[in-house]
Structure formats: structure tokens, C-alpha cells
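Open the model in your viewer and keep the selection tool handy. We will walk from one residue to the next and look at what is there.

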Amino acid sequence: MNELKTITVLFRAYNSLEKAVRDDIAKYGLNTSEFGVLEALYHKEKLSVKGVIDKVLTPNSSMSYVIENLVNKGYIIKKQSEKDKRSFVLELTQMGRKMMDVIFPLHKQNIRDILNVLDKEEEIALQKALVKIGKSSLRK
């Protein structure tokens with residue numbers, strides 16, 4: 001038995017799923033970083049730039065570029081925080097909210113269609129196993 005087969009299978013599954021997500025999001029004229037920011041704001045309404053960075057799986061170094069792209073596309077606004085003049089708050093524009101009202105349910109269903117190969121018990125078991133692996137890898 002290949003002692004590292006689990007890693008190979010996990011990476012192949014990740015790569016396939018990541019490509020499916022990327023391709024789905026691209027249909028809406030967005031990349032995964034842009035969609036991640038829009039999704040965070042769609043669910044949280046307003047977030048500081050730091051709050052978005054904490055929620056989205058995008059490197060901090062790329063976030064300024066992503067935010068500026070979304071501002072230029074008219075999907076979000078960036079305004080100075082009233083509480084802390086050194087920081088900025090992001091929120092969806094009306095156009096950004098309307099777009100997410102349409103595309104988020106479609107994206108969610110497309111991803112659910114992939115995950116629905118698992119029954120509920122299998123999906124819960126997978127989540128637990130992945131959390132366990134993730135925590136274990138942090139201790140190394």
C-alpha cells in the first residue's frame with residue numbers, strides 16, 4: 001500500500017474542487033478572491049479591510065488590488081472608518097448586492113451539486129476528518 005496515498009487523493013480532490021469553484025465563479029466575470037470578498041460582504045454587510053482579510057482566503061498582499069478592482073467595477077464602496085480614521089470599511093453597493101442576490105444562490109447550488117455525491121453522514125465525517133488533519137498539521 002502507498003503510505004502517502006491519502007495525501008495524493010486529498011490533493012487531487014482539492015485540485016478538482018478548486019477548479020470547479022474557480023470555473024463556476026468565472027462565469028460571473030469574477031475571480032475567486034473577488035468572489036470571496038463579495039461573499040463576505042454579502043453575509044456580513046459591512047466589514048473593515050482587516051475583517052475581510054480575516055474572512056477571505058486571500059493573501060494580505062493581494063487584498064488591496066482585489067478591493068480596488070471591486071471598487072472600480074462598482075460592486076463595493078470603501079470609506080474611511082468613523083471610529084478609526086486610519087482604517088477603512090467596505091460594503092456592497094446596490095449593484096453589488098443585486099448581483100450577489102442572483103449569483104450566490106446559483107453558485108451555492110452548483111457547489112452543492114458536487115458535494116451531494118456524499119450523503120449527510122459522509123459529509124459530516126469528511127468535515128470532522130479534515131478538521132482533525134488540519135489541527136494535526138498545525139502541531140508539526
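Start by selecting Ala20, a residue of helix α1 (residues 5–26). In this predicted model, Ala20 has a relative accessible area of 25%, so it falls in the partly exposed class, between the 20% and 50% limits. Now add Asp113 to the selection and draw a distance between the two C-alpha atoms. Ala20 and Asp113 are 93 residues apart along the chain, and their C-alpha atoms are separated by 11 Å.

**Zoom out for a moment**

Show the whole chain as a cartoon. You should find six helices and three strands. Followed along the sequence, they come in the pattern α-α-β-α-α-β-β-α-α. The C-alpha atoms fill a box of roughly 60 × 35 × 25 Å along the principal axes. Of the 140 residues in the chain, 27% are buried. If you like contact maps, take the contacts between residues at least 6 apart in sequence: 53% of them join residues at least 24 apart.

Next, colour by confidence. The mean pLDDT of the chain is 91, with 99% of the residues at 70 or more. Which element has the lowest mean pLDDT, and which the highest? Helix α3 (residues 49–55) is the lowest, with a mean of 88, and α5 is the highest, with 96. As a general reminder for any such model, coordinates should not be read in detail where pLDDT is low.

**Asn110 and its partners**

Select Asn110, which sits in helix α5. With 26% relative accessibility, Asn110 is partly exposed. Beyond its neighbours within four places in sequence, Asn110 is in contact with Asp24, Lys27 and Tyr28. Show the side chains of Asn110 and Asp24: a polar contact of 2.5 Å joins them. For a contrasting distance, pick Met63. Asn110 and Met63 are 47 residues apart in sequence, and 26 Å lie between their C-alpha atoms.

**Into the core**

Hide the surface and turn to the largest nonpolar core. How many residues does it have? There are 24, and Leu30, Leu38 and Ile76 touch the most other members. Colour the elements that give two or more residues to this core: α2 (32–44), α4 (60–73), β3 (88–92) and α5 (94–115). Of these, α2 gives the most, with six residues.

Centre the view on Ile76. Leaving out residues within four places in sequence, Ile76 is in contact with Leu38, Leu41, Ile67, Leu70, Val71, Leu90, Glu91, Leu92 and Thr93. Show these as sticks and step through them one by one.

**Rings**

Now display the aromatic side chains. The count of aromatic pairs comes to one. The pair is Tyr42 with Phe104, 5.8 Å from centre to centre and with 45° between the planes. Why is the pair called tilted rather than stacked or edge-to-face? Its planes are 45° apart, and stacked needs under 30 degrees while edge-to-face needs over 60, so the angle falls in the tilted range. The pair links distant parts of the chain, with Tyr42 in helix α2 and Phe104 in helix α5, 62 residues apart. Are these two residues buried or exposed? Tyr42 is buried at 17% relative accessible area, and Phe104 is buried too, at 14%.

One more ring deserves a click: Phe88. Lys78 lies over its face, at 4.8 Å from the ring centre.

**Two glutamates to finish**

Select Glu123, in helix α6 (residues 120–138). Its relative accessibility is 16%, and because the limit for buried is under 20%, Glu123 counts as buried. Not counting residues up to four places away in sequence, Glu123 touches Arg112, Leu115 and Leu118.

Then move to Glu45, in the loop between α2 and β1 (46–48). Is Glu45 buried or exposed? Glu45 is exposed, at 52% relative accessibility. Check its backbone while you are there: Glu45 has a positive phi of about 70°, although it is not a glycine. In general, most residues other than glycine have a negative phi.

Terms used:
Residues numbered from 1 in each chain as written. Predicted model: local features only at pLDDT ≥ 70, side-chain atom pairs only at ≥ 80, totals over all residues. Heavy atoms only, no water. Core = buried A, V, L, I, M, F, W, Y, C linked by side-chain atoms within 4.5 Å. Buried < 20%, exposed > 50% of the residue type's maximum accessible area, 1.4 Å probe, protein only. Helix = DSSP H or I, 4+ residues; strand = E, 2+ residues; numbered from the N terminus. Contact = heavy atoms within 4.5 Å. Phe/Tyr/Trp six-rings, centres within 6.5 Å; stacked < 30°, edge-to-face > 60°. Lys NZ or Arg CZ within 6 Å of the ring centre and 35° of its normal. pLDDT = per-residue confidence, 0-100. Polar contact = N/O pair within 3.5 Å; in protein donor to acceptor, adjacent residues only side chain to side chain.
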